[in-house]
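Please find below a colleague's note on the model under review. The comments are set out as numbered points.

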Amino acid sequence: MNWLITGEGDIFADLSKAPQMETKPLDEMLMRTLAQIAIRAHQQAQLILRHEDIAVEAASLYNELTEKADDIADAEEVGQLLPWLEGRLVKRLAKLKADPANTTSKRA
């Protein structure tokens, strides 16, 4: 109760009773596929994707995918969503490229 009133201390007086989050390791092959999608979409849009930004773009795609997929561990469902995900990225990059105010994207 103290945390609720003051914002200080732990939410749970007994941390062993706090809900436990299950963490799952990332699927490396899925991350590779998402990186390949990011690279391909940037090449198609003729935009430069710096090496250090490939992981960032793949992570962003992963986050979008987890929001859309019912079960990120279901390879069939994920496989069906990948074309949708790539299409969204291609659209976003086309908008970015067409925006004259955008100075962050460099053309390849």
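The points below begin with the overall fold and then turn to individual elements and residues.

1. Overall architecture. The model is predicted. The protein chain holds 4 helices and 0 strands, and its elements run α-α-α-α from the N terminus on. Of the 108 residues in the protein chain, 27% are buried. Among contacts in the protein chain with a separation of 6 or more, 57% are between residues 24 or more positions apart.

2. Length of helix α4. Helix α4 covers residues 75-98, which is 24 residues. At 1.5 Å a residue the expected span is 34 Å, and the end C-alpha atoms are 34 Å apart, so the expected and modelled spans agree.

3. Bend and start of helix α4. The agreement in span should be read together with a bend of about 30° at L81 in α4. A proline, P83, follows L81 within four residues. At the start of α4, a side-chain oxygen of D74 comes to within 3.1 Å of the backbone nitrogen of E76.

4. Buried face of helix α4. The buried residues of α4 are E77, V78, L81, L82, L85, E86, L89 and L93. The list thus includes L81, the site of the bend, because each of these residues falls under 20% relative accessible area. The cover over the buried residues of α4 includes α2 (28-44) and α3 (51-68).

5. E86 and its surroundings. E86 is a residue of helix α4 and counts as buried because its relative accessibility is 17%, under the 20% cut-off. Leaving out residues up to four places away in sequence, E86 touches I37 and R40. The C-alpha atoms of E86 and A38 are 7.8 Å apart in space, while the two residues are 48 apart in sequence.

6. R40 opposite E86. R40 lies in helix α2. With 40% relative accessibility, R40 counts as partly exposed, whereas E86, its contact partner, counts as buried. R40 and E86 are 46 residues apart in sequence, and their C-alpha atoms are 9.0 Å apart.

7. H42 in helix α2. Is H42 buried or exposed? H42, which lies in helix α2, has a relative accessible area of 7% and is therefore buried. A polar atom of the H42 side chain lies 2.8 Å from the backbone oxygen of A38. Leaving aside neighbours within four places in sequence, H42 is in contact with L47, I48, L49, E57 and L93. Of these partners, L93 is also one of the buried residues of α4.

8. Backbone at Q46. Q46 lies in the loop between α2 and α3. Although Q46 is not a glycine, its phi is positive, at about 55°. Most residues other than glycine have a negative phi. Q46 has 48% relative accessibility and so counts as partly exposed.

9. The second largest pocket. How many residues line the second largest pocket? The lining consists of 13 residues, and D27, L30, I72, A73 and V78 lie nearest the centre of the pocket. The space in this pocket is about 220 Å³. Helix α4 supplies the largest share of the lining, 4 residues. V78, named above for its place by the pocket centre, is also listed among the buried residues of α4.

Technical notes
Residues are numbered from 1 along each chain as its sequence is written. This is a predicted model: local features need pLDDT of at least 70, side-chain atom pairs count only at pLDDT 80 or more; totals for chains, interfaces and linings use all residues. Side-chain values use heavy atoms; hydrogens and water are left out. Helices (H or I, at least four residues) and strands (E, at least two) are DSSP runs, numbered from the N terminus. The expected span of a helix is 1.5 Å times one less than its number of residues. The bend at a residue is the angle between axes fitted to the seven residues ending there and the seven starting there. Buried means under 20% relative accessible area, exposed over 50%, partly exposed in between (1.4 Å probe, protein chains only). Contact means heavy atoms within 4.5 Å. A polar contact is a pair of N or O atoms within 3.5 Å; within protein, one must be able to donate a hydrogen and the other to accept it, and residues adjacent in sequence count only if both atoms are side-chain atoms. On a 1 Å grid over the protein atoms alone, a cavity is a set of points where a 1.4 Å probe fits but cannot get out, and a pocket is an open set with protein on both sides within 12 Å along at least five of seven lines; lining residues have an atom within 4 Å of a point. Grid points are joined across faces, edges and corners, and a volume is the space filled by probe spheres set on the points.
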